Amino acid sequence: VSRQLKEEIRRGFARLEDPLAGFLAMLESSSDWKGKGHSLGYCITTELQLWIKTHPAVPQSGTKLKKLQARVLGMLSQCPTNLLDPLISIYQLHTADRNCLLEHVSHLYLQGNYKEAAILSIKLKLQPDQDVEKMCTPLLLQDKANLVEDYVAEYPELQRKLLQTLDTWCDPSFNIRDITRPYQGLSRYKPEKFNRRVLSKLVFRLLERFSVDPALCPNVINQRHLRTLNYLFYKRFVEKTMTEENWADHIQSTVGENRWLQAQLAQALLRHCGARGAARWARRCQLPPEMLPRALAEELQKLHTQDRLEEVTKADNYEASKKKDCYQIPISRENIHFLQTWEETLQCWEKVLQPGQVVGVDMEWKPSFGMVGKPRVALLQLALKDEVFLLDLPQLLEQAEAEGEKEKLPHFIQMLYSDTAITKLGYGMSGDLSSLAATCSPLKDMDKQMQGVVDLLAVDKQVDGLSPEHSHEERGARHPEKGLSLLVQHVLGKPLDKTEQLSNWEKRPLREEQILYAASDAYCLLEIYERLCKDPESFGLGSDLTDSLVGKQSKKPRAKKQLNKQEAPSPSGQECQGPRTEPSGPPAPISPREFSVVCDNMLQGLGRYLRCLGVDVRLLDNEDDHRKAAEIARQEGRVILTSGLPYQTLRSQVGEGRCLSVNCSEKAKEQALQVLKHFNVQVSLSDVFSRCQ
């Protein structure tokens, strides 16, 4: 809005004998203000609100103001939302008679203007004097759950009342039509959005948003637990992807002492295991005999221990045969360490926080099965080439807090994730970091500090087909594996054994199967990374994957790192010993004869082109390991030119500014121009073909 218009509006107010009455008369006689957005009416309203602040004598009181308030109330239901707050402020509606306000809102409600009645109630803070069920029911029928949340947002007592009402509606014996019947003619009614499933999701959202005790909603919680039971039965008896011990852990923690769930469990056992098998499980799960179905109770009396032992042995043999077809961690069991004390953990740190280290990182937490709250990490796995460390996070956090050193663990994790000299491998790291932040609040901004991170989930989206060992006939065949397990199968030839994936990771001691599973999950990342670095083309990957794989760098790197990135090779070809005196400028110009490089084997065309321009070039052969480039660079003082995945490993093995990632999709000439510009190499005519080709 132009300054001239604003000044004209203010002069207009100053000329009016009664600005409030005059403005209201203008609104009543005009329709322009009803438009959405920044209409002229909106502009005049907000200017009046500002003008009144500088003219304290304008606001009125007494009978005259009451009459104006009554007129304004009549207009508010037709008013755009952005005008509500200014009008309520100008006409001091918070000071109006509360009964009048409630009566007006009630009138809107009876006319079927449920949304307008709710919005006005929120603006005037009338909720404590209203019936929360009555106000919210039509809004839910119109699929306006967000407005319902806003309605109860500032009133804990109303939140509890609303949740209890919704929970009552979710009782399987409750007839939802009893609620919908009075609203048959409701405009914008969406019956498909009003059912137990949708209401149950809303209850969980409200429980989490308002931090209300879930025990307030027994029907919804029981139904969610029942769905968990059904899912667990499917995993164990249909899909057969869950071990007996693992399954029993979850069944017991889900059912607990809840009599209703115990009855549901008994019925499910009969359906899936028959009377004899169900009786064995009923005894193991310690179900009270008096609440078991008759057939199950009779079978329980006949049980003999020997039967149970035979069944368990049979199941164990089945599980063992299945594991042979899965990925096996190639290190011995004594090199897998379960750490529960800080003394052990500090020794782990010394090994992990080494420059040039490549670390596979994974995390485990107890499955929530859709219950309230974010999962808390129970185990942090760090895999190195020769050993794996499993950190018992709950125990370490508790110990650190008892010693008054709560910052110990977040400090270590921040050091690990922010160190550019250490390559961290993960799979779907954003989910892991979110759970880590829920476990340890100082780590909530960890994703902004990450350096040197490779998320193999990004590779998974690009990997083409199966590993080279698989025949053409196998390509295109459907695989039951998914996620990391499928990537392991594609790259290493065998899938992960996922039978422990849904374990109760909070239960101590961990079972041996859990320890091996957790170690394998982290260690396989090292093997995948090494294999893809050696032979990316076999998996349909371009060599230049750095941009898509490396975790986002922090936007403001530390000053020292920024200075070092400006380093240039010294004329002798040796590494510079420190930052340049003028770090903000480009490196000092050098000639091609003073510039020596080693080109990784995917950049042989670039190497030959640079040699034509007089640069001292060494080329890796096709069969050479990428790490040979680092050895040559250190021995001969050369700069490494590489691309894609190897860049992360190689740059941590040489000094800052001594390794450059080149775009592999460019032609050799464009690549050469990029390198020459980066290192400020000035080529003259006499340099061209000055070296033997």
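This is a short tour of a predicted model, going from the whole chain to its cores, its salt bridges and a few individual residues.

**The chain as a whole**

The protein chain is built with 31 helices and 10 strands. It has 693 residues, and 48% of them are buried. Take the contacts with a separation of 6 or more: 68% of these come from residues 24 or more positions apart. On the outside, the protein chain exposes about 34900 Å², with carbon and sulfur atoms supplying 50% of that area.

**Nonpolar cores**

As a general point, nonpolar side chains in soluble globular proteins tend to be buried together. Here the largest nonpolar core has 72 residues, and the members that touch the most others in it are Y91 and L166. Leaving out residues up to four places away in sequence, Y91 touches L20, F23, L24, L65, L68, Q69 and V72. Apart from this core there is another one, with 39 residues, including L496, L525, L532 and F539.

**Salt bridges**

How many salt bridges does the structure hold? There are 35. Three of them are set out here.

| Pair | N to O distance |
|---|---|
| K507 and D249 | 2.8 Å |
| E513 and R511 | 3.9 Å |
| R593 and D687 | 3.3 Å |

Start with K507 and D249, whose side chains meet in a salt bridge. This pair links distant parts of the chain, 258 residues apart: K507 sits in the loop between α24 and α25, while D249 is in helix α14 (residues 244-255). Are the two partners buried or exposed? K507 has 40% relative accessibility, so it counts as partly exposed. D249 has a relative accessible area of 10%, which means it is buried.

In the bridge between E513 and R511, E513 is partly exposed because its relative accessible area is 37%. R511 comes out at 13%, under the 20% cut-off, so it is buried.

The salt bridge between R593 and D687 also ties together distant parts of the chain, with the two positions 94 residues apart in sequence terms: R593 is in the loop between α27 (559-564) and β7 (596-599), and D687 is in the segment after α31. D687 counts as buried because its relative accessibility is 4%. Some salt bridges share partners, and in this way D249, E500, K507, R511 and E513 are joined into one network.

**The segment after α31**

L685 is found in the segment after α31 (668-678). With 78% relative accessibility, L685 is over the 50% cut-off and so counts as exposed. What kind of surface patch does L685 help to make? A nonpolar one: together with V683, V688 and F689, L685 makes a patch of about 420 Å². D687 is in the segment after α31 too, but D687 is buried, at 4% relative accessibility.

**Two buried polar residues**

Q262 lies in helix α15 (residues 259-284). Its relative accessibility is just 4%, so Q262 counts as buried. What does the side chain of Q262 have for polar company? One of its polar atoms lies 3.3 Å from the backbone oxygen of G256. Setting aside residues up to four places away in sequence, Q262 touches V255, G256, E257, L287, P288 and M291.

D497 is in the loop between α24 (483-492) and α25 (512-534), and K507 is in the loop between α24 and α25 as well. D497 has 18% relative accessibility, under the 20% cut-off, so it counts as buried. Which side chain does D497 reach with its own? The side chain of D497 makes a polar contact with that of T499, at 3.0 Å.

**One more helix**

K628 is found in helix α29, which covers residues 628-636. K628 is partly exposed, because its relative accessible area is 32%. K628 and L650 are 22 residues apart in sequence, and their C-alpha atoms are 9.4 Å apart in space.

Note on methods. Residues are numbered from 1 along each chain as its sequence is written. This is a predicted model: local features need pLDDT of at least 70, side-chain atom pairs count only at pLDDT 80 or more; totals for chains, interfaces and linings use all residues. Side-chain values use heavy atoms; hydrogens and water are left out. Patches are made of residues with over 30% relative accessible area and no salt bridge: like charges are joined within 9 Å, nonpolar side chains (Val, Leu, Ile, Met, Phe, Trp, Tyr) within 5 Å. Accessible areas come from the Shrake-Rupley method with a 1.4 Å probe; for residues, only the protein chains shown count as cover. A salt bridge is a side-chain nitrogen of Lys or Arg within 4 Å of a carboxyl oxygen of Asp or Glu. Helices (H or I, at least four residues) and strands (E, at least two) are DSSP runs, numbered from the N terminus. Buried means under 20% relative accessible area, exposed over 50%, partly exposed in between (1.4 Å probe, protein chains only). A polar contact is a pair of N or O atoms within 3.5 Å; within protein, one must be able to donate a hydrogen and the other to accept it, and residues adjacent in sequence count only if both atoms are side-chain atoms. Contact means heavy atoms within 4.5 Å. A nonpolar core is a set of buried Ala, Val, Leu, Ile, Met, Phe, Trp, Tyr and Cys residues joined through side-chain atoms within 4.5 Å.
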